[in-house]
Amino acid sequence: MTADTFPSPTGGRLGLSGKLLGLTVAFVMLAEVLVYVPSIANFRLNFLDDQMNRARTAALALDAAPEGAVAEPLARRLLKSVGAVALALKDGDARRLLAVSDMPAEVAVTVDLRDPVGPSSVIDAFDTLLNGHKRLARVVDEAHGQGEFIEIVVDETELRRAMLSFSGTVLMLSALISMIAAALVYVALDRIIVRPVRRLTATMVGFAAAPEDASRIVVASGRADEIGVAEAELARMQTEIHDQLQQKSRLAALGLAVSKINHDLRNLLASAQLMSDRLGTVADPTVQKLAPKLIGTLDRAIAFCQSTLSYGRAQERPPARRMAPFAEVVEEVRTALGVAPHGRVGFAAAVERGLLIDADSEQIFRVLLNLGRNAVQAFESRGEPDPDRDQIRISGRREGGVVVIEVSDTGPGVPRKAREHMFEPFQGSTRAGGSGLGLAIAAELVRAHGGSIALVDGTIGATFRITVPDRPIDLQARARQRASA
């Protein structure tokens with residue numbers, strides 16, 4: 001299912017595109033309103049100023065006639081050209097009425113064009129729009145050499161009609177500009193933002209429906225802006241989720257596989273254990289020496305089979321802790337690794353004399369054995385092992401209430417890529433075909449003891465440091481134990 005055919009997550013409501021278009025139109029109209037307010041005020045002043053210019057011309061003709069010799073019809077035509085009802089001129093102390101068509105009624109408002117333009121002109125303009133029908137106004141302006149000032153009385157009806165026509169024109173132009181601007185902005189933002197966001201949304205919904213399908217992971221477009229960053233981060237997150245699901249599937253498959261083979265394998269090992277018990281009755285000294293080790297190895301094999309099944313279920317039994325000689329655990333590890341004194345791999349133990357570790361010796365044995373096997377496999381990965389070159393060393397010492405164990409080897413070391421997920425199953429393997437379960441199991445067992453395991457940097461090969469703290473002492477329980485004794 002593609003992003004174009006995927007159902008809209010808005011459920012048929014107004015989507016991002018519709019909201020964007022509506023907001024663009026609204027904002028452009030708001031901008032046009034802000035432009036219209038001063039424009040209508042300026043239009044009114046220009047209209048009155050044009051009337052006043054015509055009035056000055058008419059005043060020249062009327063004033064030039066000797067003693068008011070202008071005929072009344074001519075005076076009326078001059079007033080009509082001005083658009084005024086009366087025309088007067090003030091010169092010094094004298095105020096002369098140059099022409100009048102009819103004696104005007106009461107004048108409602110006075111407009112003095114000599115005053116500076118300010119916010120009041122906007123208020124006056126809207127007052128004319130609302131109340132200018134058949135209302136008379138007195139307009140005063142400079143006479144420009146003809147006298148002190150010139151004034152006319154005009155009917156605001158024509159002015160109001162012109163202002164309404166101007167407003168209608170502005171409204172139509174605003175609507176046209178708004179639609180064109182909205183369309184351009186919509187097309188631009190739809191291609192730059194809306195479509196990529198819709199694609200991301202469809203990809204997220206599709207991936208949520210089937211996260212195990214790698215084909216539904218978003219493909220980053222490589223953009224350098226915020227949407228490009230969001231695409232890259234979404235792709236990284238979806239890839240991690242897909243990998244985690246794959247890992248969980250492998251773990252589930254591992255648990256299922258181990259469950260199937262566990263029953264038959266335990267039966268085979270039990271049969272081998274019964275046959276090894278009969279070896280204890282053989283009088284041969286060599287057989288008597290090797291029989292206990294063989295029996296112990298089979299017991300461990302059965303226990304490992306069961307523990308592998310437990311790990312497949314993500315369960316591990318709590319450690320049965322007791323004070324155990326650490327040197328004996330190291331010797332059992334050497335025997336289980338098959339490292340002979342003069343074998344293919346060198347082995348050295350540096351254990352503090354009489355060192356006791358408060359731990360489950362069987363689980364500590366498994367931890368050390370996994371690390372030792374990893375070292376042997378690392379030696380074999382670069383060719384035939386050489387005891388002078390390939391060596392394993394296990395050391396142990398006590399630092400207060402903590403036992404510090406170090407397992408080191410002279411192998412090729414741990415690759416940098418494997419260090420990022422070293423103690424995660426199926427992630428930290430250092431060789432081809434490895435599962436990485438050894439280190440994951442070792443880390444889980446160490447953490448169950450309240451300890452820690454880490455790779456030590458700056459050493460030849462690989463060195464793992466393990467800390468196992470002693471259990472805290474319950475002083476009250478110890479006191480009750482002594483009292484009862």
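There are 19 salt bridges in this structure, a salt bridge being a side-chain nitrogen of Lys or Arg within 4 Å of a carboxyl oxygen of Asp or Glu. Some ground rules before the details: this is a predicted model, where local features need pLDDT of at least 70 and side-chain atom pairs count only at pLDDT 80 or more, while totals for chains, interfaces and linings use all residues. Residues are numbered from 1 along each chain as its sequence is written, and side-chain values use heavy atoms, with hydrogens and water left out.

Here are three of the pairs.

| Pair | N to O distance | Citation |
|---|---|---|
| aspartate 112 and arginine 114 | 2.9 Å | salt bridge |
| arginine 216 and aspartate 213 | 3.7 Å | salt bridge |
| arginine 398 and aspartate 470 | 2.6 Å | salt bridge |

Take arginine 398 and aspartate 470, whose closest N and O atoms are 2.6 Å apart. This pair ties together distant parts of the chain, 72 residues apart: arginine 398 lies in strand E9 (residues 391–399), and aspartate 470 in the loop between strand E12 (462–469) and helix H11 (475–484). Helices (H or I, at least four residues) and strands (E, at least two) are DSSP runs, numbered from the N terminus. Salt bridges with shared partners also join Asp127, Arg135 and Glu156 into one network.

How exposed are the paired residues? Arginine 398 counts as partly exposed because its relative accessibility is 27%, and aspartate 470 is partly exposed with a relative accessible area of 27%. On this scale, buried means under 20% relative accessible area, exposed means over 50%, and partly exposed is in between (1.4 Å probe, protein chains only). Aspartate 112 is partly exposed at 24%, and so is arginine 114 at 36%. In the other pair, arginine 216 comes out partly exposed at 33%, as does aspartate 213 at 29%.

Now for the helix packing. Helix H7 (residues 326–337) and helix H8 (residues 361–381) pack at about 45°, with their axes 9 Å apart; axes are lines fitted to C-alpha atoms, for helices over the stretch in contact, and angles run from 0 to 180 degrees between N-to-C directions. That angle makes H7 oblique to H8, given that under 35 degrees counts as roughly parallel, over 145 as roughly antiparallel, 65 to 115 as roughly perpendicular and the rest as oblique. On the H7 side, the contact (heavy atoms within 4.5 Å) includes Phe326, Val329 and Leu337, and on the H8 side it includes Ile364, Phe365 and Arg373. The residues of this contact split into nine nonpolar, two polar and two charged. Here Ala, Val, Leu, Ile, Met, Phe, Trp, Tyr, Cys and Pro count as nonpolar, Asp, Glu, Lys and Arg as charged, and the others, Gly among them, as polar.

H8 also packs against H10, at an angle of about 150° with the axes 9 Å apart, and H8 and H10 are therefore roughly antiparallel to each other. Among the residues that meet are Val367 and Leu371 in H8, and Ile441 and Leu445 in H10. The H8 with H10 contact divides into seven nonpolar, four polar and one charged.

One last stop is histidine 421, in the loop between helix H9 (416–419) and helix H10 (437–448). At 32% relative accessibility, histidine 421 is partly exposed. Histidine 421 and alanine 440 are 19 residues apart in sequence, and their C-alpha atoms are 9.7 Å apart in space.
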